Amino acid sequence: MTGCHPPRAADPGAVRPAGRPSAAGAGHAPPAPVRAARPPTRVPGLPVQIENGPRNGRAVALTFHGRGDPKMATALLGEAERAGAKVTVLAVGDWLDEQPAMARRILDGGHELGNHTLHHRNICALPAAEAYAEISGCADRLRKLTGTIGSWFRPSQTRRATPLVTQLARKAGYPHVLSYDVDSHDANDPGAAAVQRTVLDSVGPGSVVSLHLGHAGTVAALPPILDGLRRRGLRAVTTTELVT
Ligand SMILES: [Zn+2]
């Protein structure tokens with residue numbers, strides 16, 4: 001691996017979730033294969049903490065805190081797919097425990113999946129051992145469900161990781177921490193029009209936009225946001241596509 005973008009045609013294919021019962025399901029159809037999540041990659045030339053991609057391109061990354069009502073999450077992914085957009089979902093580990101099918105739904109849509117800690121605690125305020133358990137606990141869920149620890153790590157309840165959290169993320173297997181440069185403030189439920197305005201007023205080439213699953217205003221704001229991006233000649237792509 002050189003860090004260059006591998007050819008899309010050579011999709012790594014599918015893996016089965018680890019740890020499935022070997023005999024208990026005999027006589028029943030095996031679980032459907034889960035598309036493998038792209039593992040984390042160190043991207044040469046990128047800082048350890050990524051806030052944005054290239055400013056001279058035409059791509060942006062819409063990145064979502066992954067938690068909340070799965071129907072709303074599915075509706076949002078459907079809106080993205082109708083517009084030909086790809087997104088990045090940073091899943092909270094305890095959400096994956098409750099909604100394991102969402103990992104497959106996200107990857108099957110061609111989107112990217114990453115780690116947003118196990119319980120979404122204030123990770124930068126935790127002692128090292130507890131912070132590491134938050135990172136590795138979510139990584140374990142992702143590995144079990146998808147075959148890898150996910151493409152990216154984003155710390156919880158903070159925009160930027162402390163040096164300690166960055167170091168712990170690297171220890172857990174994530175060479176970069178995914179921050180962002182555009183905050184939609186959608187988690188405050190200001191209404192779809194306000195979310196749309198906040199994003200489109202700030203977004204530009206290379207932006208990494210912070211958004212949240214589980215908020216109706218965000219689902220409603222997504223189509224006009226994608227339309228606004230298109231009018232500016234910008235495309236919503238996975239974070240990996242943005243930075244590699
Ligand atoms: Zn979050």
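Let's start with strand β9, residues 208-212, which is mostly covered: five of its five residues are buried. Keep in mind that this is a predicted model. In a regular strand, side chains take turns pointing to one face of the sheet and then the other. For β9, one side carries Val 208, Ser 210 and His 212, the other carries Val 209 and Leu 211, and both faces are covered.

So who sits beside this strand? Take β4 (residues 59-66): β4 and β9 pair in the parallel sense, with five bridges between them. To find the register on screen, look for Ala 61, which stands opposite Val 208 of β9. Strand β8 (residues 182-183) also pairs with β9 in the parallel sense, over two bridges. Here Asp 183 has Ser 210 in β9 as its bridge partner. Follow the chain and you'll see that β8, helix α6 (residues 192-202) and β9 form a β-α-β unit, and a right-handed one.

Now for a pair of helices. Two packed helices are described by how far apart their axes are and by the angle between those axes. For helix α1 (residues 70-82) and helix α7 (residues 216-231), the axes come within 9 Å and cross at roughly 10 degrees. Angles under 35 degrees count as roughly parallel, and that is why α1 is roughly parallel to α7.

Which residues meet there? From α1 come Met 72, Ala 75, Leu 76, Glu 79 and Ala 80, and they meet Ala 216, Thr 218, Val 219, Leu 222 and Pro 223 in α7. Sorted by class, this contact of α1 with α7 has eight nonpolar residues, one polar and one charged.

Definitions and conventions:
Residues numbered from 1 in each chain as written. Predicted model: local features only at pLDDT ≥ 70, side-chain atom pairs only at ≥ 80, totals over all residues. Buried ≥ 20, exposed ≤ 12 C-beta atoms within 10 Å, placed from the backbone. Helix = DSSP H or I, 4+ residues; strand = E, 2+ residues; numbered from the N terminus. Pairing = 2+ DSSP bridges. Right-handed = clockwise from strand over helix to strand, strands pointing away. Axes fitted to C-alpha atoms, helices over the stretch in contact; angles between N-to-C directions. Parallel < 35°, antiparallel > 145°, perpendicular 65-115°, else oblique. Contact = placed C-beta atoms within 7 Å. Nonpolar A, V, L, I, M, F, W, Y, C, P; charged D, E, K, R; others polar.
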